[in-house]
Amino acid sequence: MNKTQQILFDEPGPRARRRIRIATVLGAVLLAGGVVAAGYQFASHGELAAARWEPFTTWPIWRYLLNGLWATVRAAAATAVLSAALGLLLALGRLSTHRPLRWLAGAYVEIFRTVPTLLLIYVTLFALPQYGLNFPLFWKLVVPLVVSNSAAFAEIFRSGILALDRGQTEAGLAVGLRRGQVMALVVLPQALLQLAPSLVSQLVGLLKDTSLGFVVSYTELLYSGQVLSSYTHLLIQTFLVVALLYLVVNASLSKFARVLQARNGRFGARRGRRTADLPPPLLEGNTPR
């Protein structure tokens, strides 16, 4: 258990570990039972027959689904870039020494963290065109996702900045850097390094949010699956394949987050060992005379 986990959670004792193992085994058994029961039902209704899966061995079907997956990735990438940039500005605004800026940024974050993304999509789709703001189809999905996810990114950035030792800021100011330079050159690089796993995890949720594109008829992966199932009349097969594609992409992002977390842990351990090897005056932030 790393340092952050030790702060947030107590180390489980022998009884707690035994209960966790029992719950894990029971959960696995229930999941396996559910899969077997679902497979039996599918087989008894002929859904597992080879003829019903044969269309998914052809390239035109896969090309259509992969085009939907590419549309999902494009929307997610645009949302991620814009949300991260806006979220960083909001986080800096919430940490600003100017009260009006801090209040405005805080109000934005608190409001759009609670408003459902689907409601924002409806506003973009039906309300804004009445005031002359009629976005292209792609942006009718991306804009509300950016508004919603930027608030989440802002809180991630703010928590990462506040988690850093204040000595980093004080050291930067001591060598003559201005506060803006300290934030850009000292605080943010370290905060982003520590926040990388959390940011990647946020991308997983963001990617799933693009499935709301069916509301605006944006041909992302889920909407493509709906159109394909209505054309082939293979509802279960189509959505199982779509679920598999989502699983592969999200599992890859989750694996990437775990790799980043492991690397950050090793980097922190090496930095801690190097700090421990320093002489006492340097550990205290003093220069030897």
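**Exercise 1. In which helix do Tyr 122 and Phe 126 both lie, and how many residues apart are they?**

Solution. Step 1: Tyr 122 and Phe 126 are both part of helix H6, which covers residues 117–127. Here helices (H or I, at least four residues) and strands (E, at least two) are DSSP runs, numbered from the N terminus. Step 2: the two residues are four residues apart, about one turn of the helix.

The model is predicted: local features need pLDDT of at least 70, side-chain atom pairs count only at pLDDT 80 or more, and totals for chains, interfaces and linings use all residues. Residues are numbered from 1 along each chain as its sequence is written, and side-chain values use heavy atoms, without hydrogens and water.

**Exercise 2. How many aromatic pairs does a search of the whole structure find?**

Solution. Step 1: the search of the whole structure yields six aromatic pairs (ring centres of Phe, Tyr or the six-membered ring of Trp within 6.5 Å; planes under 30 degrees apart are stacked, over 60 edge-to-face, the rest tilted). Step 2: Tyr 108 and Phe 112 make a tilted pair, at 4.7 Å centre to centre with 50° between the planes. Step 3: because Tyr 108 and Phe 112 are four residues apart in helix H5 (residues 99–114), about one helical turn separates them. Step 4: Phe 112 has 22% relative accessibility and is therefore partly exposed, where buried means under 20% relative accessible area, exposed over 50% and partly exposed in between (1.4 Å probe, protein chains only). Step 5: the pair of Tyr 122 and Phe 126 is stacked because the ring centres are 6.0 Å apart and the planes stand at 25°. Step 6: Tyr 122 has a relative accessible area of 36%, so Tyr 122 is partly exposed. Step 7: one aromatic cluster is formed by Phe 138, Trp 139 and Tyr 218.

**Exercise 3. Is Ser 96 buried or exposed?**

Solution. Step 1: Ser 96 sits in the loop between helix H4 (59–94) and H5. Step 2: the relative accessibility of Ser 96 is 13%, so Ser 96 is buried. Step 3: not counting residues up to four places away in sequence, Ser 96 touches Leu 101 and Arg 102 (contact: heavy atoms within 4.5 Å).

**Exercise 4. With which residues is Thr 72 in contact, leaving aside its neighbours within four places in sequence?**

Solution. Step 1: Thr 72 belongs to helix H4. Step 2: with 0% relative accessibility, Thr 72 counts as buried. Step 3: once the neighbours within four places are left aside, the contacts of Thr 72 are Leu 207, Thr 210, Glu 220, Leu 221 and Tyr 246.

**Exercise 5. At which residue does H9 bend?**

Solution. Step 1: helix H9 (residues 179–209) has 31 residues, but its end C-alpha atoms are only 36 Å apart. Step 2: a straight helix would reach 45 Å at 1.5 Å a residue, the expected span being 1.5 Å times one less than the number of residues. Step 3: H9 bends by about 55° at Leu 195 (the angle between axes fitted to the seven residues ending there and the seven starting there). Step 4: a proline, Pro 197, follows within four residues.

**Exercise 6. How many helices and strands are there in the protein?**

Solution. Step 1: the protein contains 12 helices and zero strands. Step 2: of its 289 residues, 30% count as buried. Step 3: among contacts between residues at least 6 apart in sequence, 72% join residues at least 24 apart.
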